[in-house]
Protein chains: 2
Amino acid sequence: MRKMIRQPTHPGKILKEDYLVPLSITIKDMAEILGISRKTLSKIINERGSITPDMALRLSRAFDTSPSFWLNLQKNFHLWIAEQTSNEWQKVKPIPKHILHPNSTLISE
Amino acid sequence: MRKMIRQPTHPGKILKEDYLVPLSITIKDMAEILGISRKTLSKIINERGSITPDMALRLSRAFDTSPSFWLNLQKNFHLWIAEQTSNEWQKVKPIPKHILHPNSTLISE
DNA sequence: ACAAAACGTAACCCTCTACGTTACATTGTG
DNA sequence: CACAATGTAACGTAGAGGGTTACGTTTTGT
C-alpha cells in the first residue's frame, strides 16, 4: 500500500468524467435515475459531497459496477483529507515491534 | 467482488481478538496509546462505534498496519448494514447495457 | 436571439454519527 | 475485600448527509 502523495481523485469527478459525460446523461436525469435530489448529486459531482454506502449501492445498480468501487474511491479521498487535516494521529507512538511480533526470527530461551 | 452473504466481521472484533487479547493490552491502555477516550474505544470494541479515517490512521501507527486495512473492514461492515437496512437502492433501474457499452461486439448500422 | 432546461449554490431544517465527559453498576483479580 | 477494568447510559457539541425552496447563471434548442 503506497502512501498517497497527492489528492486522490474525488468519486464525483469519476462519476462525471467517466460516466455522465460519455453517456450524455445530465445531472438532473442521473439524480432521477438514482432516486435522489438534484441537489445531493450536484454536491457529489462538485466535490462537496461524498459517496455513502447507500449511494454506492445506487450507483452500482445504475452502472453495473461494484459498490466497493465507489466506496474505495471515497475511502481514499477521506483518508487523504484526514492525513492532511489533523496531526493528532501522528502523535500515536507505535507499539515496539518486538512486542507486536514476539519470537519472529529469534529463538527465545 | 463476491456478494456478502453474512455480516462481515466488525473492525472492533478484529482489534480485540487479533491485537488486544494476544498482546494483553487493556482497552484502557489502548485508548491512551491511541490518544482517545476509553469510552470511544469501548464503543468500537463492542461494535457500537466505527472506524473513522482518523481512527484508522491512529491504529495504523500503533500496529504498523495500513490505514486501509482498518477502513476496508469498516467499509465492508457499513456496506452490509446499508444493504440490509434500506430497500430504496434496489429500486434504482440499471441503465441498459447497450447504452453503457455502445458498440461492444455488435456492429452498429 | 430568446425562451426553456440545466446548473451551481446558499440558506434552513432534520436526523444521525462521532467524541468527550461524568456517573454508576458490574466484573475481574491480586 | 479493595481496586482496576469494563460496559453503559445520559448529555452536550460538532459536523455530515439529505431534502426543500429559492435565486442567479449557463447551456441548449428552436
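Me: How do I read the protein-facing side of DNA strand D: what share of its atoms within 4 Å of the protein belongs to sugar or phosphate?
Reply: Start with the kind of model. This one is predicted. Then split the strand atoms into backbone and base. In DNA strand D, 63% of the atoms within 4 Å of the protein belong to sugar or phosphate. The rest belong to bases.

Me: Which residues come nearest to DNA strand D?
Reply: There are 17 residues around DNA strand D. The nearest are A:Ser37, A:Thr40, A:Ser50, B:Ile27 and B:Lys28. Both chain letters appear in that list.

Me: Next, the phosphates. How far is a polar side-chain atom of A:Thr52 from a phosphate oxygen of DNA strand D?
Reply: Look for pairs of N or O atoms within 3.5 Å. For A:Thr52, a polar side-chain atom lies 3.2 Å from a phosphate oxygen of DNA strand D. B:Ser42 also offers a polar side-chain atom, at 3.5 Å from a phosphate oxygen of this strand. Do not skip the protein backbone. A polar backbone atom of B:Ile27 is 3.0 Å from a phosphate oxygen of DNA strand D.

Me: Which elements give two or more residues to the surface near DNA strand D?
Reply: From chain A, α3. From chain B, α2 (27-34) and α3. The largest share comes from α3(A), with four residues.

Me: How do the residues of that surface near DNA strand D divide by class?
Reply: Sort them into nonpolar, polar and charged. Near DNA strand D the surface has seven polar and seven charged residues. Three are nonpolar.

Me: Now the other strand. Which residues come nearest to DNA strand C?
Reply: Read it in the same order: residues, then atoms, then elements. Of the 17 residues around DNA strand C, the nearest are A:Lys28, B:Ser37, B:Thr40, B:Ser50 and B:Thr52. Sugar and phosphate make up 61% of the DNA strand C atoms that come within 4 Å of the protein.

Me: How far is an N or O atom in the side chain of B:Thr52 from a phosphate oxygen of DNA strand C?
Reply: That separation is 2.8 Å. From chain A, the side chain of A:Ser42 has an N or O atom 3.5 Å from a phosphate oxygen of DNA strand C. A:Asn46 has a polar side-chain atom 3.5 Å from a phosphate oxygen of this strand. At the level of elements, two or more residues each come from α2 (27-34) and α3 (38-45) of chain A and from α3 (38-45) of chain B. The top contributor is α3(B), with four residues. By class, the surface near DNA strand C has three nonpolar, seven polar and seven charged residues.

Me: On to helix packing. At what angle do the axes of α2(A) and α3(A) cross?
Reply: Two packed helices are described by the angle between their axes and the distance between the axes. Here, α2(A) and α3(A) cross at roughly 115°, and their axes come within 9 Å. The two helices are therefore roughly perpendicular. Their crossing is right-handed. On the α2(A) side, the contact uses A:Ile27, A:Lys28, A:Met30, A:Ala31 and A:Leu34. On the α3(A) side, A:Arg38, A:Leu41, A:Ser42 and A:Ile45 take part. Six of these contact residues are nonpolar, one is polar and two are charged.

Me: Are α1(B) and α3(B) roughly parallel or roughly perpendicular to each other?
Reply: Check the angle. Helix α1 (residues 11-23) of chain B packs on α3(B) at about 100°, with the axes 7 Å apart. Angles of 65 to 115 degrees count as roughly perpendicular, so α1(B) and α3(B) are roughly perpendicular. B:Gly12, B:Leu15, B:Lys16 and B:Leu20 of α1(B) meet B:Leu41, B:Ile44 and B:Ile45 of α3(B). The class count is five nonpolar, one polar and one charged.

Me: At what angle do the axes of α1(B) and α5(B) cross?
Reply: Roughly 135°, and the axes come within 9 Å. Helix α5 of chain B covers residues 67-85. That angle makes α1(B) oblique to α5(B). B:Pro11, B:Ile14, B:Leu15 and B:Tyr19 of α1(B) make the contact with B:Phe69, B:Trp70, B:Leu73, B:Gln74 and B:Phe77 of α5(B). Eight of the contact residues are nonpolar, one is polar and none is charged.

Conventions:
Residues are numbered from 1 along each chain as its sequence is written. Chains are lettered from A and ligands numbered from 1 in the order in which they are written. This is a predicted model: local features need pLDDT of at least 70, side-chain atom pairs count only at pLDDT 80 or more; totals for chains, interfaces and linings use all residues. Side-chain values use heavy atoms; hydrogens and water are left out. A residue is near a molecule or strand if one of its heavy atoms lies within 4 Å of it. A polar contact is a pair of N or O atoms within 3.5 Å; within protein, one must be able to donate a hydrogen and the other to accept it, and residues adjacent in sequence count only if both atoms are side-chain atoms. Ala, Val, Leu, Ile, Met, Phe, Trp, Tyr, Cys and Pro count as nonpolar, Asp, Glu, Lys and Arg as charged, and the others, Gly among them, as polar. Axes are lines fitted to C-alpha atoms, for helices over the stretch in contact, and angles run from 0 to 180 degrees between N-to-C directions. Angles under 35 degrees count as roughly parallel, over 145 as roughly antiparallel, 65 to 115 as roughly perpendicular and the rest as oblique. Contact means heavy atoms within 4.5 Å. A crossing is left-handed if the near helix is turned anticlockwise from the far one by less than a right angle, and right-handed if clockwise.
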